[in-house]
Amino acid sequence: MKWFNKKGNQDERIVNLKNKVYKEAYILIMYLCGISILVKSFFQWETYSMLTELIVILAGSIYFGIRSVMLGIYSDEVEVHDQTSKMSYSQRNVITGLIIGISMALFLGIRSSVMFADTAHEKWWYFFLVFIFSLLLYILLFAGFNVIVHHFANKASQKAASKDQCDS
């Protein structure tokens, strides 16, 4: 998708530096939205106050993922990663899902104990109860989701890359 189609020759160095700046800005925006969600979740119970940040994070991530698959970049990135790293991309996705699941369970456990418990005993009880149930749910959800998305995205990206090579 060419939103800002510029004609003429462009210096490759300038284009690469611009892309680097855009990447840094994207990462900064994602971190700021994530921090905003964390802060708002402890000070406000209403989830609609975090809706804008969630939309920015999800829309940006989904757009990037879909475009990299459609252009065939995803499978190339997986191949380069698997050649240069000791851990395969599939293993990395499983570990990432585990880390996200554990982080989410810790966050929800801490949040529950801080916001809803009155005594120290209740705080520990709420933390462990929410942490264990969230852990069981989110580890399966995120690890499974990462594995399934990676599998289908890699297949679609390989198909797009081979189609692009046939067209050339």
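**Exercise 1. What span should the 20 residues of helix α2 have at 1.5 Å a residue, and how far apart are its end C-alpha atoms?**

Before starting, note that this is a predicted model, in which local features need pLDDT of at least 70 and side-chain atom pairs count only at pLDDT 80 or more, whereas totals for chains, interfaces and linings use all residues. Residues are numbered from 1 along each chain as its sequence is written, and side-chain values use heavy atoms, with hydrogens and water left out.

Solution. Step one is to fix the element: helices (H or I, at least four residues) and strands (E, at least two) are DSSP runs numbered from the N terminus, and α2 covers residues 51-70. Step two is the rule, in which the expected span is 1.5 Å times one less than the number of residues. Step three is the comparison: α2 should span 28 Å, and its end C-alpha atoms are 28 Å apart, so the two values agree. Beyond the helix comes Gly-72, which has a positive phi near 80°.

**Exercise 2. Apply the span rule to helix α4, and then list its buried residues.**

Solution. Helix α4 holds 28 residues, 89-116, and should therefore span 40 Å, which agrees with the 40 Å between its end C-alpha atoms. For the second part, buried means under 20% relative accessible area, exposed means over 50%, and partly exposed lies in between (1.4 Å probe, protein chains only). By that cut-off the buried residues of α4 are Tyr-89, Asn-93, Gly-97, Gly-101, Ala-105, Gly-109, Arg-111, Ser-112 and Ser-113. In α2, the corresponding list is Glu-53, Gly-60, Arg-67, Ser-68 and Val-69.

**Exercise 3. Classify Asn-146, Ser-75, Leu-98 and Thr-52 by exposure, and describe the surroundings of each.**

Solution. Contact here means heavy atoms within 4.5 Å, and the contacts listed do not count residues up to four places away in sequence.

- Asn-146 lies in helix α5 (residues 120-167) and counts as buried because its relative accessibility is 18%; it touches Asn-93, Thr-96 and Gly-97.
- Ser-75 belongs to helix α3 (residues 73-84) and is buried, at 7% relative accessible area; its contacts are Asn-154, Ser-157, Gln-158 and Ala-161.
- Leu-98, in α4, is partly exposed at 32% and touches Ile-139 and Ala-143. Its C-alpha atom is 9.3 Å from that of Leu-141, although 43 residues separate Leu-98 and Leu-141 in sequence.
- Thr-52, in α2, is exposed at 56%, and 9.6 Å separates its C-alpha atom from that of Ile-37, 15 residues away along the chain.

**Exercise 4. Describe the chain as a whole, moving from its elements to its overall dimensions and its contacts.**

Solution. The chain has five helices and zero strands, in the order α-α-α-α-α from the N terminus. Its radius of gyration, taken over C-alpha atoms and judged by a globule rule of 2.2 Å times the number of residues to the power 0.38, is 21 Å, whereas a compact globule of 168 residues would have one near 15 Å. Along the principal axes, the C-alpha atoms fill a box of roughly 65 × 30 × 25 Å. Of the 168 residues, 23% count as buried. Among contacts with a separation of 6 or more, 64% come from residues 24 or more positions apart.
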